Amino acid sequence: MSAPFLVVEDLNVSFPTEDGVVQAVSGSSFSVQQGRTLAIVGESGSGKSVTAQAIMGLLNRRSTSISGRVVLDGTDLFALKEDQVRSLRGSTMAMIFQDPLSSLHPFYRIGDQLVEAVQVHGRVSRADARKRAIDALGHVGIPAPDRRVDDYPHQLSGGMRQRVMIAMALINSPSLLIADEPTTALDVTVQAQITELITTLQRESGTTLLMITHDLGVVADMADEVCVMYGGRIVEYGTVDDIYYRPEHPYTHGLLASVPRLASARVERLDPIPGNPPSLINLPTGCVFHPRCVRRSEVAGNLCLTEEPTLVASTPGHLVRCHLPIGARTPGGDAA
Amino acid sequence: MAGYVVRRVLIMILLLLLLTMAVFFLFSLLPADVARLTCGKICTEQTLALNRARLGLDKSVFEQYWIFLTGLFFGRTFGEGPAAVVCDAPCLGYSFTRNEPVLDLIVDRLPPTIFLAMGAFVLFIIGGVGVGVYSALRRGRWQDKGVMGASLIGYSLPSFFIGLVAIYFIIIRWKLLPFPSYEPPWEDPVGFVQTMILPWVVLAILYAAFYTRLTRSQMLETLNEDYIRTARAKGLPERVVVRKHALRAGLTPIVTAAGLDLAGLLGGAIILETIFSLPGLGSLAVSAVLDPDLSILVGVTLVTATFIIVANLIVDLLYAVIDPRVRLS
């Protein structure tokens with residue numbers, strides 16, 4: 001295999017607040033091959049969005065302390081000057097956000113917002129940029145793009161707005177696309193359309209995709225590999241089959257058990273994970289998941305409370321951070 | 001959009017009508033007897049009655065209002081025979097202490113007020129908004145804290161204090177500028193600037209303090225918006241993000257305040273005009289109070305309030321220019 005297209009090594013992100021230091025990401029490492037899809041899964045506050053913003057260089061360097069390495073196509077992004085990272089944003093790497101209404105500027109026509117994205121990365125005349133904007137809108141399935149290009153964001157539906165965001169992200173043919181919960185703010189009926197659109201466009205263009213989500217359904221459809229994050233840490237990392245059919249971390253297991261499955265033959269009760277995600281200011285000692293873990297009592301002594309487990313490979317390519325991984329090879333969620 | 005403008009203009013006309021009513025009846029409630037005020041030192045019952053008839057005070061208040069209103073549109077005549085005084089439309093009243101139509105007095109006094117207002121406006125908008133943006137971008141650092149402290153001081157100092165201190169040091173102690181004496185700019189441009197520069201700066205400091213704080217808080221709010229993150233994710237340089245995306249989005253309340261402040265200033269900066277002896281609307285109002293001459297006060301009040309109402313309309317129309325969501329809904 002060639003060198004991975006995106007490598008994140010030992011990423012740590014923390015910001016000081018009035019209440020204390022928020023340790024948003026602790027020692028994350030992962031990599032994605034060119035053209036593949038990695039999903040980062042976790043609840044809110046697990047550090048997944050911060051990870052994405054760290055890669056994009058969107059975190060304020062002054063108020064955030066970041067360490068580690070992010071290498072994109074051989075370039076160490078953290079070694080670059082702010083202006084060099086800026087020139088990569090929107091051209092080599094692009095991002096789609098959760099809420100398309102608040103992510104588009106309410107005062108500018110969508111066409112102007114697209115034209116701006118084109119013109120900032122190259123000497124393109126306004127007329128040509130506009131033509132590209134119309135093409136891009138048509139490409140993401142917006143009907144009558146030559147008229148819609150002059151609409152304001154509030155004149156479009158939620159799904160159409162997210163299509164505009166996708167068109168804007170892809171307009172300069174980026175080689176890395178980060179989608180940060182792109183369907184969360186949309187109607188359920190539209191979610192599948194947007195997911196499918198992203199997948200199709202990714203296949204067409206061969207873009208590497210980093211998909212950030214809390215929706216395991218989306219993950220199963222799109223991802224090649226999955227990174228499960230909890231409390232700012234990667235707790236499990238493997239192929240989509242590893243995560244779905246051979247989950248080893250009690251948290252991953254719990255996540256799968258809490259997802260409703262329409263296809264299931266039996267009527268099941270959903271099994272939520274007890275408790276709440278940890279505060280990133282005051283993380284639990286030892287394993288960050290121990291206060292909510294059902295298997296803690298099965299571990300000898302107070303190991304889960306005193307010592308943080310390390311991320312170790314159970315099988316090649318399948319990593320888990322747990323003192324007592326679940327060895328059972330039953331399909332996740334359907335475990336009797 | 002056209003319908004919206006027509007509707008707003010109609011509402012404005014209605015408001016102006018209500019305004020004339022309010023001003024007229026409020027002033028008619030005052031205990032002052034206008035006929036006696038214009039009667040002179042030796043006032044017999046006969047001249048008093050003659051005065052009353054000439055001013056229309058022998059009629060009911062409602063009739064008086066009607067005459068006042070028709071005077072606004074068609075002009076009116078005070079008194080009869082050879083002593084009659086004609087006041088052409090739009091007649092805001094006639095000042096018998098100065099023997100001039102109120103409108104002429106106001107028009108005479110308008111240029112200094114307009115120059116003062118416009119000059120200060122340009123200074124405090126550029127200064128206030130600029131410093132506010134700067135302060136927001138350096139939030140929490142010493143530059144921001146310094147600006148906020150200074151603006152709090154500027155905000156709380158009364159204009160007569162800053163004005164008098166400025167006159168004392170700059171004109172009297174250090175003799176950097178001559179004593180203020182207003183000349184129209186087309187007659188003595190240098191003297192005009194020398195006279196206006198201090199009131200401009202003093203007025204600008206007072207208002208800039210407010211705009212600095214307003215702009216800063218607006219910027220801090222919009223800089224946190226999702227579309228700012230999108231703008232950065234597109235790879236836009238930070239100055240474009242700040243100017244084109246953040247400032248534009250935070251502009252609405254700044255435009256509102258600016259419109260109303262400008263209108264207020266056009267109604268005369270009473271204290272500063274008096275301190276710097278500028279023959280503007282404000283000092284006209286002050287001398288009308290001292291004389292006292294009610295007809296001038298009614299006129300100045302009407303003109304000032306009209307500025308505010310018109311400014312309000314302009315601000316509302318500007319909203320639609322700034323924010324397409326207003327225009328299209």
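Here is a chat between a biologist and a modeller about a predicted model.

Biologist: Let's start with empty space. What volume does the largest pocket have?

Modeller: Rolling a probe the size of a water molecule over the atoms shows where empty space is left. For the largest pocket in this predicted model, the volume comes to about 1,800 Å³.

Biologist: Which residues lie nearest the centre of the largest pocket?

Modeller: The lining counts 40 residues. Both chains contribute: β1 (6–17), α1 (48–56) and α2 (82–88) of chain A, and α5 (102–137), α9 (226–233) and α10 (238–249) of chain B, each supply at least two lining residues. Nearest the centre are Leu59(A), Asn60(A), Arg61(A), Ser63(A) and Arg232(B).

Biologist: And how many residues of that lining are charged?

Modeller: The lining of the largest pocket divides into three kinds. Nonpolar residues number 18 and polar ones seven, and the charged ones come to 15.

Biologist: On to aromatic rings. Is the pair of Phe25(B) and Tyr65(B) stacked or tilted?

Modeller: A pair of aromatic rings is described by the distance of the centres and the angle of the planes. A search of the whole structure turns up 23 aromatic pairs over all chains. For Phe25(B) and Tyr65(B) the centres are 5.4 Å apart and the planes are at 35 degrees, and planes have to be under 30 degrees apart to count as stacked. This pair is tilted.

Biologist: Which helices does that pair link?

Modeller: Phe25(B) and Tyr65(B) are 40 residues apart, so to speak in distant parts of the chain. Phe25(B) is in helix α1 (residues 2–29) of chain B, and Tyr65(B) is in helix α4 (residues 61–74) of chain B.

Biologist: Is Tyr65(B) buried or exposed?

Modeller: Buried means under 20% relative accessible area. Phe25(B), at 22%, counts as partly exposed. Tyr65(B) has 9% relative accessibility, so Tyr65(B) counts as buried.

Biologist: What about Phe124(B) and Tyr211(B): stacked or edge-to-face?

Modeller: These two link helix α5 with helix α8 (residues 189–222) of chain B, 87 residues apart, and both are buried. Their ring centres are 5.2 Å apart with the planes at 20 degrees, so the pair is stacked.

Biologist: Which residues form one aromatic cluster with Phe124(B) and Tyr211(B)?

Modeller: Both rings belong to a single cluster in chain B. The other members are Phe121(B), Tyr155(B), Tyr207(B) and Phe210(B).

Biologist: Which ring does Arg248(B) lie over?

Modeller: Arg248(B) lies over the face of a ring in chain A, at 5.0 Å from the ring centre. Lys244(B) lies over the face of that ring too, at 5.6 Å from its centre. The ring is that of Tyr108(A).

Biologist: Now sulfur. Is the disulfide of Cys87(B) and Cys91(B) right-handed or left-handed?

Modeller: The whole structure holds one disulfide over all chains. It joins Cys87(B) to Cys91(B), with S to S 2.1 Å, and both cysteines are buried. The torsion about the S-S bond is about 105 degrees, so the disulfide is right-handed.

Biologist: Why is there no bond between Cys293(A) and Cys322(A)?

Modeller: Cys293(A) is buried, with a relative accessible area of 17%. A disulfide needs sulfur atoms within 2.5 Å. The closest cysteine sulfur to that of Cys293(A) is in Cys322(A), too far for a bond because the distance is 6.0 Å.

Biologist: Where does the cis peptide bond to Pro90(B) lie?

Modeller: The bond runs from Ala89(B) to Pro90(B), with omega near -5 degrees. Pro90(B) is in the loop between β2 (85–87) and β3 (94–95) of chain B.

Biologist: Is Asn99(B) buried or exposed?

Modeller: Asn99(B) has a positive phi of about 50 degrees although it is not a glycine. Its place is in the loop between β3 and β4 (100–101) of chain B. With 52% relative accessibility, Asn99(B) counts as exposed.

Biologist: Last one: in which loop is Ala144(A) found?

Modeller: Ala144(A) is not a glycine, but its phi is positive, near 50 degrees. At 28% relative accessibility, Ala144(A) counts as partly exposed. Its loop is the one between α5 (126–139) and α6 (145–148) of chain A.

Note on methods. Residues numbered from 1 in each chain as written. Chains lettered and ligands numbered in written order. Predicted model: local features only at pLDDT ≥ 70, side-chain atom pairs only at ≥ 80, totals over all residues. Heavy atoms only, no water. 1 Å grid on protein atoms, 1.4 Å probe; cavity = no way out; pocket = protein on both sides within 12 Å on 5 of 7 lines; lining within 4 Å. Points joined across faces, edges and corners; volume = space filled by probe spheres on them. Helix = DSSP H or I, 4+ residues; strand = E, 2+ residues; numbered from the N terminus. Nonpolar A, V, L, I, M, F, W, Y, C, P; charged D, E, K, R; others polar. Phe/Tyr/Trp six-rings, centres within 6.5 Å; stacked < 30°, edge-to-face > 60°. Buried < 20%, exposed > 50% of the residue type's maximum accessible area, 1.4 Å probe, protein only. Lys NZ or Arg CZ within 6 Å of the ring centre and 35° of its normal.
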